[in-house]
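Student: Could you walk me through this one? I'd like to start with the cysteines and then move on to other spots.

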Amino acid sequence: VAKKVLIGTMPMYNNTPIYAPTDNFFSNHFAIFGNTGSGKSCGVSRLFQNIFFYNNPAPRNACVVIFDAYGEYESALSIPNTQIYFKRYSTDVKGSPNNLIKLPLWLLDLDDFALLLDVDDPNQLPIVEKALRLVTVFSGNESDTKAYKNDIIAKTILELLYSGGSASQIHDQILAILTSFNTSDLNLDTPIVQPGYTRSLRQCLIIDKEGKIAEIQLVAEFIKRFINPELKLELPDGTIPFTLENLREAFEFALISEGTLKSDKMYDKANVLKVRLDTLIKSEYAEYFKMDRYVDKTTFIRELITAPNGGRAQIINVNISYLDDRLAKTICKIYSKLLFDFTSKLQQRGSFPVHIILEEAHRYVQQDSDTKILGYNIFDRIAKEGRKYGTILGLISQRPSEMSETVLSQCTNFLIFKMQHPRDVQFIKQMVPFITDEIVEKMKGLQPGTCVVFGAAFKLPTIVKMEMPNPQPMSSNVDISRLWY
């Protein structure tokens, strides 16, 4: 067993090698900070090369998931090796379909959909929840779906009939609803049969000379037949597959069933979500949610970490450079949550450690509105509880001051490359234990590839020079003179 990992050498002490105990370093959350050009990407690449490729024996049961903001680690970590397998996932819809990221919608829960649709008001949550309760029915068989649709349409129409509005208001609203929402049983042309003659529902809503809907009672009695108190709606439990289109239809009906039509303000808030869902369906990002078969949660995680040769993949690199920042953050959160849920439900606690490495972490690990909307932020939760289940965060960032203080306060080990921005320097000084003014001064003048290491895995804060990775990540500067001339 490799009890320690080589970090680099100490230039002040004749380049003596410095190691970190594997347990002390990798069983705790850690952070790697540095300005752009300070050697951060090279340092991270070298650290993982030291662990996986230049260490004997190699950690064959490791599971490191890297969210690669620029797609730069593939060249550094996909070294052919008999023991270690590097698995790549991409967000490039136009690239190879075999390694495109996939997220089965039925494995996501209410909180994930709230993130996906950018819910920014707690009042929007009941609509998302109602849509999710409906979606499994709407993806099921025709007759079940029809019963639920009839029930919702009937309740909505009854509410309008008894709303106390003017006859013309009631008439127009019911017409509008039945034009947008109808079934083969319940629509404007549905016949209402009475002894002696039959009229369509549309004809029964006609306003008479006195400005009243004469047949309002008849319509109400007819509509009541479609209400079914037996119908129960459960939240999806991951056993029934559904598509974004099923969800869109469920949303339509959730909007009318939650009574949003009565309040313009509520309707606007709820409608925004439907517009966002429409945008997602029409965008190329919809590909990530299209599955050709059903998988359950355990199978999904197992396939995520299985190499094409059927063995284990130890390094899983998710290249998120093709996503806009908002979706990149959401995808990182949803994957992290799936991994955290998986590890926290294992029978033997901590038996499957997962390291989640976030490059450009300040983009994703922020003081978000999640806590206000959902009651928690997944990265805060992993920072506080992940260690006991073996879900460990590795944060790589050039702007620590933009990050969540909760998460940073739970990091135990630090590698800090050159940092100059006064706000970041000040922030590190406040947030990080064992840091002295002397270290802060050293931090500002470090050479590229040199960092200050400190934390539980190191006896003292030490300046360390890290070797250049071999091969290197795709993070080098542009060669201006060659390109200019």
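**Cysteines, a buried asparagine and a hairpin**

Student: So how many disulfides does the count come to?

Tutor: The count comes to zero disulfides, where a disulfide is a pair of cysteine sulfur atoms within 2.5 Å. Keep in mind that this is a predicted model, in which local features need pLDDT of at least 70 and side-chain atom pairs count only at pLDDT 80 or more, while totals for chains, interfaces and linings use all residues. Residues are numbered from 1 along each chain as its sequence is written, and side-chain values use heavy atoms, with hydrogens and water left out.

Student: Why is there no bond for Cys 411?

Tutor: Because its closest cysteine sulfur, in Cys 451, is 15 Å away, which is too far for a bond.

Student: And Cys 451, which cysteine sulfur is closest to that one?

Tutor: That is the sulfur in Cys 42, at 12 Å, again too far for a bond.

Student: Is Cys 411 buried or exposed?

Tutor: Cys 411 is buried at 5% relative accessibility, and Cys 451 is buried too, at 0%; buried means under 20% relative accessible area, with a 1.4 Å probe and protein chains only.

Student: Switching topic, where does Asn 317 lie?

Tutor: Asn 317 lies in strand 8, residues 315-319, strands being DSSP runs of E with at least two residues, numbered from the N terminus. Asn 317 is buried, at 0% relative accessibility.

Student: What does Asn 317 touch?

Tutor: Leaving aside residues up to four places away in sequence, Asn 317 touches Ile 66, Asp 68, Tyr 73, Phe 86, Lys 87, Arg 88 and Tyr 89, a contact being heavy atoms within 4.5 Å.

Methods. Buried < 20%, exposed > 50% of the residue type's maximum accessible area, 1.4 Å probe, protein only. Helix = DSSP H or I, 4+ residues; strand = E, 2+ residues; numbered from the N terminus.
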